[in-house]
Every structure is written in structure tokens, then in C-alpha cells.
Amino acid sequence: MSDRIHTLSGYLYEYQKSVTQPEEFWARIADSFHWRKRWSKVLKWNFDEPDIQWFVDAKLNITENIFERHLFTIGDRPAIIWEANDPNEEGRTLTYRELFHEVNRFANALKSKGIGKGDKVIIYMPMVPESAIAMLACARIGAIHSVVFAGFSSSALADRVIDCEAKAILTSDGNFRGSKKIAVKAVVDEALEKSSVETVIVYERTKQDVTMKEGRDHWWHDVIAEEADLCPAEEMDSEDMLFILYTSGSTGKPKGVVHTTGGYMVYSQYSFDNVFQYSEGDVYWCTADVGWITGHSYIVYGPLLAGATTLMFEGVPTFPDAGRFWAVVEKHKVNVFYTAPTAIRALQAYGTEPINNYDLSSLKVLGSVGEPINEEAWHWYHTHIGKNKCPIVDTWWQTETGGIMVSPIAGITPTKPAYATLPLPGVQLCIVDPEGKELTGNSVEGNLCIKFPWPSMIRTTYGDHERCKQTYFSTYKGMYFTGDGVKRDHDGYYRILGRVDDVINVSGHRLGTAEVENAINEHPKVIESAVVGYPHEVKGQGIYAYVICDLTNRTEANLVNEIKEMVSQIIGPIAKPDKIQLVSGLPKTRSGKIMRRILRKVAEGSFDSMGDTSTLLDPDVVTKIIEGKK
Ligand code: WT7
């Protein structure tokens, strides 16, 4: 590939080009894609509105760039290798040609159910190839997919169905996860009780009992039975919506991050190709779920646009035992392996024995994503998985950025443990102090912003453009604010320090403190609550909830369990608080604002350094909370 960076000086050259002549730079990258009509202008932008348009007026279909663009050369190459939850169940491999026909067949099925361009389709499915087929079939006909992680509860699903005005839901009967069989369709039924969704298509996976609503619910195998395996691709504008993906913010309900077609396509392939240095014939495995942005950009779109072989795993790292990841690496001779620090730390706890049984010599590149990777985990990954010969790419990015922003180029950028290192071409970082003043030079620390558009950036938050403007473009004028703190060291290398807003990152999953508080407050005995993150050995951050309760007719232990259950039901098991401390009051300022800084200190167990507490309404509250914790 001509757009491939091969050397460090090549990276520096490309980076310079991308800053001094961004439009020429991206036009050159975009040239290798198939456009039905070329753009009239590469970029129009305004960060105040915000209004961002890439490849203006261009027409294309992203699936034509996966399939038709190179079907004649790579039709027989494996596109998706699927590994089932149970190692004894036979996996599946779909070549590009087979995947093409399955996508087309399902696209026709969607059309015959009256789904077309601009319609929103929720995908709530396990990690089976059909979830990728579903996404691509939507893209084929111009429908907008919104994948919801299948671990989310019915009420979280219902919120998303309503917010995006979904016309259809694609789901499964159940889901295999480790030793568990999880009901999926039943969750959908509950979520749809009060909705007007017209069509539900159910993929049969676990063969468990489900109820099918006459006229609304259909089996996947029935709807495709009579369909042709060719479906013309809908012509899309470069700025037409490709998908909506919900993510948590510091306030209110999760917001629908909108990504559009042309820019997302160009950036997801470009970043995939360069960061992982994928070469033909390699087997690439990203362990994320398609319900997160990592799954969108680096299980489905990026690798498939690049013509790569992407492995999809249905199960969990510890089933049937803690050697499962390494068994899969050996079995499929995985060359590029991309996972999250939380998984590394969880497996680290089992020692090296589960690794030693397997041949990991196929591995060439290791990746990390989702949260800061601590030095210890980095070294363990490097030594025991990479056998000191595989570069680690620590990739920093976000749902909103659509693709990797800061990362080493595998084997090219010298790495440093716990550092995401340097920005990719096209990414203009800026570190600011709390007043928004740019901190120039090296050895500085502050808030991370991006001052120039990149092709896969967020365009809006669905149905609420003002929220997009407020959240990302108003804190610092003329810049996109990431919500992360960062350090640029003496070498100019970037180290991400974690969120500086009220977002917590639990096992690489983003949750808003307000969102968890709202769920806790649903419990009839709860009067008020405050949630903070605290350092957790495996999860990165754990959830610590301070709750004021009415204790009449209840024991503390019962209440704590009921509250945990409540959160699990309202959001999903990932949001279940690790610790709940019942308190009689919360530290508030005279204006009634909860001082989370103090609650964070107490949660992490540092009782001596409370900082300035002079604005507290009642300093006694803090003493009581500390006593309660000890
Ligand atoms: C937040 C975004 C897009 C990846 C999956 C998570 C944190 C992500 C790193 C990293 C340090 C990281 C940031 C970011 N984060 N990758 N390599 N090093 N922190 O996507 O759910 O949108 O969360 O995850 O805090 O803001 P997300």
C-alpha cells in the first residue's frame, strides 16, 4: 500500500505534510478508495458550530469499498474467522466473497421488511459473524446502525431505541458467555413493551425458548431464505450518517455519537493499516465487542476495508480456563493481537502457567486500548505474551474520535511503557491549562484538546446538536476537548493520565457518575447518592457509591445488595458499584454542590490530604464519612 508508513523519518515526513497541507494530504489518502463521485472540496469546518464536512459532495458506499473495490483480488481470502465461546464447537470462516453474499442477502431481507436509506436499526447481538453482517447490510442499503452492547439492560436498550427512533431491532435468541447462557430476546421484549418498533429479526444462536410476536418478530433464517445474494449498494453522500453509537458523558443519559460515511471510512482503514502494520496473510485479532467503538473501527470496518483477516471471538478470556486467549492465538496463528489493559491485568493474576502451554510464536504486534496501561501490565504483556520481540501499540482514542489518535506505529515508533507516544498523521494535539491557554514545549501537563479536524471525528450527538457543542467544543474555544488529562514528557511523548471530568472508566468501559447515581436513586429507600471512581487493581477504576438511605425496616447489608441489583437492572452488570458506603450526609459547598474531590480522596483511602475544605457547609460530614470508611 502506497499510504503505508515504513520508517520513523517517513512518519515524521507524513506528519508534517498532514499539518502543513491537510487537504492535499487527505486527498492523497482518499484516492485509493472507490468514490462514485469525487469531492468538490476535501474539508469544510467550523469548530464553533460545530460544522465539519469531509470530502464534500462526494458519493460512495462504504461496503463497495470493502467488497467491490477488491473482490476480484481477494475474494477467496478469509475475511472473518469466528471462534465460538465453547472451544469444542466448530468455528466458522467466511471468505470475502462469502461475506459479500451474506451481507447482500441480509440487505435484501432488510429491504423486504421495508427498511431503507436513513432508517435507524438497533443491533443487539452476541459476537457472531451475523452481527458484522448486520452492520454491513445496513451500510449497504443506507440504513443507520446503532449497535448496543448485548450486556446492557432492557431499560438501557429501551432508552436507546427511543432516542434514535429505531425502526427495527436485530437480535438473537440468547448468548453464550463463558459457562452461562444469557437470554437476549427476552431483554428485547421487555425493552419494546412501550415502543413502536415495527420489525425484530432474531438470529438463532442458543436455541433457547423465546416468544415471537406475530407480525413483528421474524427468524433471521426465515427472512433470508428466499433472498438473492446480490443487492446493489445505495449511493450515499460522504456526510450521510453511517452509524450512531451511544456513550456515557459526565451528565445525563448516554448520548448518541454520530459518525458519517466518507471520513470515517478513510480514517478507519488508514489508521488500521499504519498502526498495526498489517501485512497480507496476517491474522488479526481484536478482543473487543462490536458493541463498542473498538469493535466498529477495528473488528469490522478498518480491517475489512484493508482486506485483512479479522478474528471474532464470542467468549471470555477465562473460559474454559485462563489460557483461552493463548489457545486461540495458537490455534489460528494470530499475528496481531489487540486487547484491553483490564484483560491483561486479569490474566496476569493467574501467573504464567496458562501461557506456557501454548505456542505464541506467531505473534508480531500487540495492542492495548481503552484505558491507561500501567507499567507493570505493560512489562508483563511485553515479556510473557510478546516474548520481548513484539512492539506494543498503546492506542489512545475515544468513541468520539472514531479512530486511533495517539499511538506508536508498530515496529517504527520507539515505545515507552505506559506512553501512547505520538499522534498519528492528521492529529493536531494541544495541551491546555484550566484557563485554556496552550502549554507549548515539552515537559508539560494539562488537558488534552485537538485543534484541527480529522476525518473520523464526531459530527453531532444524535437529536441534540447543542449537547455536542456544549460537551466538546465550548470548554476551550476553537478546540475539541477530549475530557482527558495528559502529560507531554521531555521527549515530546504523550502519556494519557485519565479522565478529568465526571466519567469513570471501569474495565475500559465508560460510565458517567450521574448515570450511576440516577440508577441508585431509583431505589425507593435512597434519599441521595454520590458516585466516584477509585483505583482498582484489575478494572483500572472501580465504582464507589456514597448513599444516604432510609434504613427503616431494612438491614444495611440488604439495602446494599438491593441497590447493586437495581443498578445492574437499570444500566447493566458493568455499572454495578464495587463498594457502597451508607452515609448520613454528603460533603457540599454552601451553594449545594457535592465536593467530589473529597469523596474521591476518601474512596482511594487517602484521608490526610483533603485539600481546601473551607467552602464546605458542614466539615463534620467529612469526618463522619472517614470514620464510616475506616
Ligand atoms: C476514553 C474513551 C476508543 C477506545 C475504547 C474506549 C480512555 C482509551 C486509552 C489509552 C489511556 C485511554 C480515555 C478516553 N482511553 N484508550 N490507550 N490510554 N486512556 O472508548 O469508551 O469512548 O472511552 O477511554 O480516557 O477518553 P471510550
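Guide: Domain bounds come from an automatic or database domain assignment. This is a predicted model, in which local features need pLDDT of at least 70 and side-chain atom pairs pLDDT 80 or more, while totals for chains, interfaces and linings use all residues. Residues are numbered from 1 along each chain as its sequence is written.

Visitor: Which domains does the domain assignment of the protein chain give?

Guide: The assignment divides the protein chain into two named parts, one covering 8-423 and the other 507-629. Taken over C-alpha atoms, their centres are separated by 34 Å. In chain order, the parts are domain 1 (8-423) and domain 2 (507-629).

Visitor: Which element gives the most to the side of domain 1 that touches domain 2?

Guide: Between the two domains, 20 residues of domain 1 are in contact (C-beta atoms, placed from the backbone, within 7 Å) with 17 residues of domain 2. On the domain 1 side, two or more residues come from each of helix H7 (154-163) and helix H13 (341-348), helices being DSSP runs of H or I with at least four residues and strands runs of E with at least two, numbered from the N terminus. With four residues, the element that gives the most is H13.

Visitor: What radius of gyration does the protein chain have?

Guide: Along the principal axes, the C-alpha atoms of the protein chain fill a box of roughly 75 × 60 × 55 Å. For 630 residues a compact globule would have a radius of gyration near 25 Å (taken over C-alpha atoms; the rule is 2.2 Å times the number of residues to the power 0.38), and the protein chain agrees with this because its own value is 24 Å.

Visitor: How many helices and strands does the protein chain have?

Guide: In the span of residues 73-453, whose end C-alpha atoms lie 34 Å apart, helix accounts for 30% and strand for 23%. Of the contacts in the protein chain between residues at least 6 apart in sequence, 69% join residues at least 24 apart. Counted over the protein chain, the elements are 20 helices and 30 strands.

Visitor: Which residues that surround the ligand are the closest?

Guide: The ligand is surrounded by 25 residues, each with its C-beta atom, placed from the backbone, within 6 Å. At least two residues of this shell come from each of helix H11 (293-305) and the strands E19 (365-369), E20 (392-395), E24 (480-488) and E25 (494-499). The closest are Pro372, Gln398, Thr399, Ile496 and Arg510.
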